[in-house]
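Colleague: Could you take me through one part of this model up close? I'd like to know how it sits in its surroundings, and how far I can trust the picture.

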Amino acid sequence: MSYAILTDLTRCIGCQACALACKEINELPKEDGALKLSATTWTMVEKRHDVFIRHQCFHCLEPTCVSVCPVTALEKTQEGPVIYHEDRCIGCRYCIMACPFEIPKYEWDSVLPRVQKCIMCYQKRVSLGEQPACTSVCPTGATVFGQRDQLIAQAQQRLQNHPNRYVNHIYGVHEAGGTSVLYLSDIPFDQLGFKHARSDEAYPKLTWNILSQIPSVAGVGGVMMFGLWWIINRRITLEQEQKKNNSKSPDSNQKKTP
Amino acid sequence: MKLKLPQLTFWRVVAGIIYVIGLYATFLRFGKGLGASTNLSDEFPWGIWIGFDVMVGVGLAAGGFIIAATVHIFNLEQYKAIARPTILTAFLGYSLVIVALLFDLGRPYRIWHPLIMWNPHSVMFEVAWCVTLYTMVLALEFSPIFFERFNLKVPLKWVRAIYLPVVILGVILSTLHQSSLGTLYVIVPDKLHGLWYSPFLPVFFFITAIAAGLAMTIFESFLSYRAFGKRIELDILVGISRVIVVVLSVFLVLKLQDLSHRGNLPLMFEFTQESVLFWGELGLGTMLPVGLLLIPKIRENERGLFFCALLVLLGFILGRLNVSITGMLNTETYFPKWTEIAITTAIVTLGFTIFSIVVKNFPVFPLEDLETMPLSAHEKNPVFSVRLVLGMWGLLLIAMIALALAKKNELNHQVPQAALLNRTVNPLEQKLEYPPPFEFPPGKDSPGLVIFDHEKHNEYQERPDCKPCHVDMFGLVIITNVPAITHEMLDKGELCGKCHTGSGNENESFGVTKEADNCDSCHEEENGE
């Protein structure tokens, strides 16, 4: 059981209610005219040509940010949201580097900065059994909250019922190993600038394939080096002993010159 | 005893100036935060403090584990003469990398968190552990020098007893984190340019670190000679240079093979800024020194050797910057702010200062080195032309490092052209679900209830727009903060009064003052009266 958000771009009228609701519930400054996500804007609706696109964290099923964080400051909850533990964060910003969707943002102007991003209203809403602020205020039902598998079924139903209205793809089912934020659109996603994240494989596998070799590298390396040292040292000792013997009885070993 | 003041020399004055500027930059960094003191941004979260101070710093200190292994595991006695200065360099290098990290981390006082908050899936976690442990190993490897100086025989005995396992641990830790610095970038396949991205980045980082660590020992030997008159047998350095040739050749073959395997060889010949910098790294900084070191006349000439080592080092620096900065495909451009450069310069200078202090006070160099012949006596055939050529290539490489930093960024996520998009749907045609009518809490003298109907209110607008009222006037999610509205508030231009001024100009909205005499526009009439 995990929750997700489905955003249907054919229904979004760009009213920014979701963006305002987000700012209100998270007590973020409401300065107007945010053109992109930032530490104080966790979701917003961008008008790209004629299409309104709501940006927010994708809450990946296997999040890159969670995998790269050295101190587990980011966590994928059972309910679906990817949340942030401020008290653990050391500020290395590897999550910002690594996120394929470029979602986490940093409080650059603060002396003690935090990483900021959409947390799907985890503490204030979802963990209490309510839906996030953004979906609760959408006047057109363009963005809705629910169980992930039910939302996928619902999206498939829409694709079936209105084949001419949509491109035949639900963004987020497979992208980056699957995400908890899904999109439907009437225009191909790559034309809208959606990152065609390597669809079949989750990003954390890329580094885990390498990291999981470490125990064998360390073990084999250690044993090999001890072995080498032993062989080399043994040889040197033997050589020295032989030399000693040679010097004791020089006559018997005349062939071997020093 | 008279207190001796250090003599003022040219380099000491320069160092002093660098420290003063660095201190001021440090004040800015910790007083005002990363945003004010760096050119970092959400699009470019890692700058030269990571790309240069950490990536290059750790690589240049790689000589420590190689020489330690050569002397103590492979028992090649002749390299013992350079073991101590190399381990000192490594120890200083790692300590300074940690200092640089304190500047770069947003919350430096939590630098110890990875030691207790484990995430084994994180490359950074592994690097943190390895660097911590290896710094301790280096301290142990260096400790005999300290104990000898103060004639502490018991601890010296203990350290000697565990020296071999410590050295082996050091080699393993170094192998792991030198390669892991490359693994850090394996998770950004979409952001790193095709000339550099590869799942084999850890292998490349490891091999190039070996070459750079060895080149650093050559470079440093010559500097030590110039600065302290301490010198190391040319034979040893020539031997090291041979190893560099082998290591770099292996790197070249693997790198080109990897590029061709990934179908990215053509990228080398596209005339882009990336390809130019790639040739700087691979051509000027790798192929050229390999080729030159193959010529005995250059290899066995002190200056030739020194310049070749310098080329390898510059090529290595460029290579690391290419992965960490140039190769990053971004919409933003990054060039380090003066504060970033000032702090980096100060940290490097600090390394030189501490090195010279330690060398003067501890038995780092073998004693007999003090009475060696001057450099010029060895130099029977100065290869002037080679010197000139190498110097020029070196300058070119330095220019390229500057270029790598000043890099303009590529069109990573280009937004498609507007003309191509034709919508089949108009979202505005759908039936909107307006929120239900809202009843304002009545004031004391209210002549009648005020009920707000979202749908009616929006009839006058082109498209539904929640912003004008919901930005700061009324809550959207928790509608509990709407006060009992009085006409005094409206007269001041608050809440409804913000738009409903009655001026009739902008929004053609009716006025809501008490005098306007249009109470029924908002208030419901009381029943029957």
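**A strand with both faces covered**

Modeller: Start with β1(A), which is covered on both faces: A:Y3, A:I5 and A:T7 are buried on one side, and A:A4, A:L6 and A:D8 are buried on the other. By "buried" I mean under 20% relative accessible area, with exposed being over 50% and partly exposed in between (1.4 Å probe, protein chains only). Keep in mind that this is a predicted model: local features need pLDDT of at least 70 and side-chain atom pairs count only at pLDDT 80 or more, while totals for chains, interfaces and linings use all residues, and side-chain values use heavy atoms, leaving out hydrogens and water. Residues are numbered from 1 along each chain as its sequence is written, and chains are lettered from A, ligands numbered from 1, in the order in which they are written.

The split into two sides fits a general pattern: side chains in a regular strand alternate between the two faces of the sheet. Six of the six residues in β1, residues 3–8 of chain A, are buried, so the strand is largely enclosed by the rest of the structure. (Strands are DSSP runs of E, at least two residues, and helices are runs of H or I, at least four, both numbered from the N terminus.)

What does β1(A) pair with? Five bridges join it to β8, residues 143–147 of chain A, and those two run antiparallel. Four bridges join β1(A) to β9, residues 181–184 of chain A, and here the run is parallel. Strands count as paired if DSSP finds at least two bridges between them. A:L6 ties the picture together: it stands opposite A:V144 in β8(A) and opposite A:L182 in β9(A).

Follow the chain out of β1 and you meet A:Q16, in the loop between β1 and α1 (17–25) of chain A. A:Q16 has a positive phi of about 70 degrees although it is not a glycine. In general, most residues other than glycine have a negative phi. A:Q16 counts as buried, at 15% relative accessibility. A:M120, in the loop between β7 (115–116) and α4 (133–136) of chain A, also has a positive phi, near 55 degrees, and is buried at 1% relative accessibility.

Stepping back, the largest nonpolar core has 199 residues, and A:Y94 and A:F194 are among those with the most contacts inside it. Such a core is a set of buried Ala, Val, Leu, Ile, Met, Phe, Trp, Tyr and Cys residues joined through side-chain atoms within 4.5 Å. Helix α14 (residues 302–326) of chain B gives the largest share of this core, 15 residues. Leaving aside residues up to four places away in sequence, A:Y94 touches A:V68 as well as chain B residues including B:W46, B:L184 and B:I187; a contact is heavy atoms within 4.5 Å.

As for trust, pLDDT is the predictor's confidence in each residue, from 0 to 100. Chain A has a mean of 89, with 95% of its residues at 70 or more. Chain B averages 83, with 85% scoring at least 70. The model scores ipTM 0.89 and pTM 0.88. Go easy on residues 252–258 of chain A, where pLDDT stays under 50, and on residues 369–383 of chain B, where it also stays under 50. Where pLDDT is low, the predicted coordinates should not be read in detail.
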